[in-house]
Amino acid sequence: MKLSKSLNHHLDHLLNDAVKMLSSYQEDLLQEWRFMLQSLKNTNKKSVVVFEFISEFLERFLRSVNEGNVDIYRMLNELQEDWFAYFQRSPEPEALIFHINLLENAAHKVLKSRIAYSSKLHPSVHYLFSKISEVMLFQSEKENHSIWKDAVILFNEWIIRSQNFQESIKNICYGFGYFLPFERCALFKFANKESVGVGLFGHHLNNTEIQAIAEKIANIPVLNQSLVKLKSQGHEMKNFQPIYIPSAAIDLPEKYVENFELTSLVIVPIYVPEEGKIIGGVVLDQGPGKQFTVDTSLFPALMKFGQSSGELLSKFIEADIKKDNLPKKDSISLSPRETEIIKLLADGASTAEAALKLYLSEFTVRDYISSIMKRLNAQNRTEVAVKAIRMGIID
């Protein structure tokens, strides 16, 4: 057998494995999809029709599998044909990606709850939903001459070279700016149960200033509303679209607007949909004081960049702080005041907030932090908190 035919056969086998697994647990899966559909309706999602149509089609297909009728490529063609026959138009790429990710998330959730070591089976499920997305987007790309997939491929090939956490955050920021029409990029990590945004790296920005940021999400209403909504829906719904902010002066704290000369910007979620994890976000703009608008045709690329970044960072997060390389707790002598400051840093408090709570000047708190960083061999405030937790200095 030629290797090309062997590869085709192997990939077909993966699709069949995915369908058989989903069919075996179809009642649980269908129940999960119905729950998600109701959640979408409750949030008044305009594009809920995409989720509803595809989930109902897959429900009919999975029920037919029990009857012995398994022809995946026929199913994919029928899905495309039925969509166009009913709607007479192509689905919007950003809405399609969003809802297919939700459908896939539900599948992973059900399999994890039912099959031991199910993570080994997830690639075939991901492949199945990727094929569904590919078929549904095909006509849309022909009509719109979409090239966003090329940008995603280039970005993925760029960031995959990252060997550690520090390289990954640099490559992600550079990739967002280089492969998309943006000038500046700042990467943030969510901490303390997604209540604080901590600066990690900045491209074409003062990196020291970015890493000094530890801002409460509650102080950024447009972002806070999105996160609150996601938390109320449960982790399986954590897959949200980029947020376009036409006027930063309205939606962001004044100190950042003035310091970085922010005007228009886009916030892109950094997430791992299969695990229901939101790691952080990327803030993008086209330079100091520049106003711009965003075409939603760019959203599919932004969403895929965010997902690829999340999957990479989830592997490296805190990986540069090896437990075996940590100093022994007994070898580090910290005063009660220093321990208090570390606890506040772990909670996301700024220097000013820590000073206010401890009745100290900001200069004194900065001196404390500088001293703590040296003794813990930490590069920034976030690393101080992480090391202190892993060493048992704080809970």
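**View 1. Helix α4 and its two sides.** On one side of helix α4, R74 and A85 are exposed. Like everything else shown here, this helix comes from a predicted model. What about the residues that are tucked away? In α4, I72, M75, L76, L79, Q80, W83 and F87 are buried. Look down the axis of α4 and these buried residues fall within an arc of 135°, so they line one face of the helix. It helps to remember that an α-helix has 3.6 residues a turn, so residues three or four places apart point the same way. Helix α4 covers residues 72–87, which makes 16 residues. From its first C-alpha to its last, α4 reaches 22 Å, close to the 22 Å expected at 1.5 Å a residue. Just after α4 comes Q88, which takes a positive phi of about 60°.

**View 2. Helix α15, buried on one face.** Now try the helix that runs over residues 351–358, α15. Which of its residues are buried? They are T351, A354, A355 and L358. Seen down the axis of α15, the buried residues fall within an arc of 100°, so here too they line one face of the helix. Over on the other side of α15, you'll find L356 and K357 exposed. Right after α15 sits Y359, and its phi is positive, near 60°.

**View 3. R337 and T339 in helix α14.** Helix α14 takes in residues 336–346, and R337 is part of it. T339 has its place in α14 as well. Is R337 buried or partly exposed? With a relative accessible area of 28%, R337 is partly exposed. T339 comes in at 18% relative accessibility and counts as buried, because the cut-off for buried is under 20%. Leaving out residues up to four places away in sequence, R337 touches L358, L360 and Y368. Leaving out the same range for T339, its contacts are L334, I393 and I394. One more pair to look for is R337 and V365: they are 28 residues apart in sequence and 9.9 Å apart in space, going from C-alpha to C-alpha.

**View 4. An open sheet of six strands.** Follow the strands across the sheet and you get the order β3-β2-β1-β6-β5-β4, with antiparallel pairing. At the edges stand β3 (214–216) and β4 (243–245), each with a single partner strand, so one side of each is left without a neighbour in the sheet. From one strand to the next, the twist averages 25°. Helix α8 (residues 165–179) packs on this sheet, touching β1, β2, β5 and β6. The direction of α8 makes about 70° with that of β2.

**View 5. Strand β1 and its partners.** Seven of the eight residues of β1 are buried, so this strand is largely enclosed by the rest of the structure. How many bridges link β1 and β6? There are six, and the two strands pair in the antiparallel sense. If you pick out K189, its bridge partner in β6 is G280. β1 also pairs with β2 in the antiparallel sense, over seven bridges. Here F188 stands opposite G199 in β2.

**View 6. Strand β2 meets edge strand β3.** Strand β2 spans residues 196–203 and pairs with β3 in the antiparallel sense. The pairing of β2 and β3 runs over three bridges. To spot one of them, find V198, whose bridge partner in β3 is A214.

**View 7. Inside the largest nonpolar core.** This core has 81 residues. Which of them have the most contacts inside it? Those are W33, L128, F129, I132, F176, L187 and L302. The largest share of the core, 11 residues, comes from helix α5 (residues 93–114). Zoom in on F129: apart from residues up to four places away in sequence, F129 touches L22, W33, L58, I100, L103, E104 and A107.

**View 8. Zooming back out to the whole chain.** The protein chain has 17 helices and six strands. Of its 395 residues, 50% count as buried. Among contacts in the chain with a separation of 6 or more, 66% come from residues 24 or more positions apart.

Terms used
Residues are numbered from 1 along each chain as its sequence is written. This is a predicted model: local features need pLDDT of at least 70, side-chain atom pairs count only at pLDDT 80 or more; totals for chains, interfaces and linings use all residues. Side-chain values use heavy atoms; hydrogens and water are left out. Helices (H or I, at least four residues) and strands (E, at least two) are DSSP runs, numbered from the N terminus. Buried means under 20% relative accessible area, exposed over 50%, partly exposed in between (1.4 Å probe, protein chains only). Contact means heavy atoms within 4.5 Å. The expected span of a helix is 1.5 Å times one less than its number of residues. The arc is that of the directions from the helix axis to the C-beta atoms. Two strands pair if DSSP finds at least two bridges between them. Axes are lines fitted to C-alpha atoms, for helices over the stretch in contact, and angles run from 0 to 180 degrees between N-to-C directions. A nonpolar core is a set of buried Ala, Val, Leu, Ile, Met, Phe, Trp, Tyr and Cys residues joined through side-chain atoms within 4.5 Å.
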